[in-house]
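Please open the structure in your viewer and keep the selection panel to hand. The tour moves from the whole chain to the sheet, and then to individual side chains.

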Amino acid sequence: MTTSLQDLFAHNRAWAAQMEAERPGFFTGLVKQQTPRYMWIGCSDSRVPANQITGLEPGEVFVHRNVANIVVHSDLNALSAIQFAVERLKVKDIMVVGHYGCSGVQAALEGARIGLADNWLRHIQDVRHRHRQLLDSLPEEVRAQALCDINVIEQVVNVSVSTVMVDAWARGQEVTVHGWAFGVHDGLLQDLQMSVTGPEQLDVLYSKAIDRVWDVWMARVGGGAQQQQLV
C-alpha cells in the first residue's frame, strides 16, 4: 500500500524506466500522439480506469469524468470537453460509461443526503422519478443496477441533443454516441444498445433501450442470469 506521496514519485520513476526498457521510444512517440478515435465520459470512481478497461494506449482515448457520469446542458466543463473532442480531435465514438455499484447512483436511489454533492446527484434523482414505475416494478436488489443503466441511457440522450452534437451531425460529421455499463465485480463492459448516429433515430433507440433494461434485470432475478446477458 502507498504510504506517502514520495512513494508515488518512486513508483512513477520505476514505471517510466520499465516502459522505456520494454518499449524504447515510448515516451518520444507519446509526445506526438494526441489523435484519439474515442472519447470516454465516465464516473470519477477510481475503480473504472478507461484505458485499462479497454486495453487502449495513452493518447488513444480522450477522457472526461465526474461523479456518476452525468452530462447536463449547464455543465460547461463537460460540454467543452465534448466540443474539443468532436471539433478539434475529430473522435469517431463517444462512450458514456456507467458502472454497477456506483455510489452516486445508490445515493440518488435512496435519496441519501451527502452535502454539496446532493445538488449534482439531483440530476439522477430526476432520472429516478422519471422512471419510478419501471424501477418500482423491479425487485429491490436490482434497482440500483437498473438505475445505473437508465442513467447512462439518459446521459446518452443529453450528449446527443447538445448543441455540439446537433451541429456536428448537421454538417455531416460521423460521430456515434454509445451507452455502456462496466461491471466492477467482473471487469466486463456491457453494451446497453443505445448507440446514436444522428438525431432522427434518438426516440426509437431510447424507447427500446429503456424497455430492455426491465427485460434484462427481470431475467436476472428470475433465474435467467445464465442465459440472458447484456451484449
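Begin with the whole chain in cartoon view, where the secondary structure comes to 10 helices and five strands, helices (H or I, at least four residues) and strands (E, at least two) being DSSP runs numbered from the N terminus. The radius of gyration of the chain is 19 Å, close to the 17 Å that the globule rule gives for 231 residues, so the chain is as compact as a globular protein of that length; the radius is taken over C-alpha atoms, and the rule is 2.2 Å times the number of residues to the power 0.38.

This is a predicted model, in which local features need pLDDT of at least 70 and side-chain atom pairs count only at pLDDT 80 or more, while totals for chains, interfaces and linings use all residues. Residues are numbered from 1 along each chain as its sequence is written, and side-chain values use heavy atoms, with hydrogens and water left out.

Still with the whole chain selected, note that its C-alpha atoms fill a box of roughly 55 × 50 × 40 Å along the principal axes. Buried residues make up 44% of the 231 residues, where buried means under 20% relative accessible area, exposed over 50%, and partly exposed in between (1.4 Å probe, protein chains only).

Next, select the five strands, which form an open sheet of mixed pairing in the order β2-β1-β3-β4-β5; two strands pair if DSSP finds at least two bridges between them. Strands β2 (61-66) and β5 (189-196) stand at the edges, each with a single partner strand, so one side of each is left without a neighbour in the sheet. From one strand to the next the twist averages 20°, with axes as lines fitted to C-alpha atoms, for helices over the stretch in contact, and angles running from 0 to 180 degrees between N-to-C directions.

Now select β1 (residues 38-43), a mostly covered strand in which five of the six residues are buried. Six bridges join β1 to β2, and these two strands run parallel; to see one position along this pairing, show Met39, which stands opposite Phe62 in β2. With strand β3 (residues 93-100), β1 also pairs in the parallel sense, over five bridges, and here the bridge partner of Gly42 is Val97.

Move across to strand β4 (residues 176-183), which pairs with β5 in the antiparallel sense over five bridges. Val177 stands opposite Val196 in β5.

From there, go to the loop between α9 (163-170) and β4 and select Gln173. Is Gln173 buried or exposed? Its relative accessible area is 16%, and Gln173 is therefore buried. The side chain of Gln173 reaches the backbone oxygen of Val86 at 2.8 Å, and also makes a polar contact with the side chain of Arg171 (3.0 Å); a polar contact is a pair of N or O atoms within 3.5 Å, of which, within protein, one must be able to donate a hydrogen and the other to accept it, and residues adjacent in sequence count only if both atoms are side-chain atoms. Leaving aside residues up to four places away in sequence, Gln173 touches Val86, Lys90 and Ala168, with contact meaning heavy atoms within 4.5 Å.

Finally, select Ser80 in helix α4 (residues 76-88). Ser80 counts as partly exposed because its relative accessibility is 43%, and its side chain reaches the backbone oxygen of Leu76 at 2.6 Å. Adding Val164 to the selection shows a pair 84 residues apart in sequence and 8.9 Å apart in space, C-alpha to C-alpha, from Ser80.
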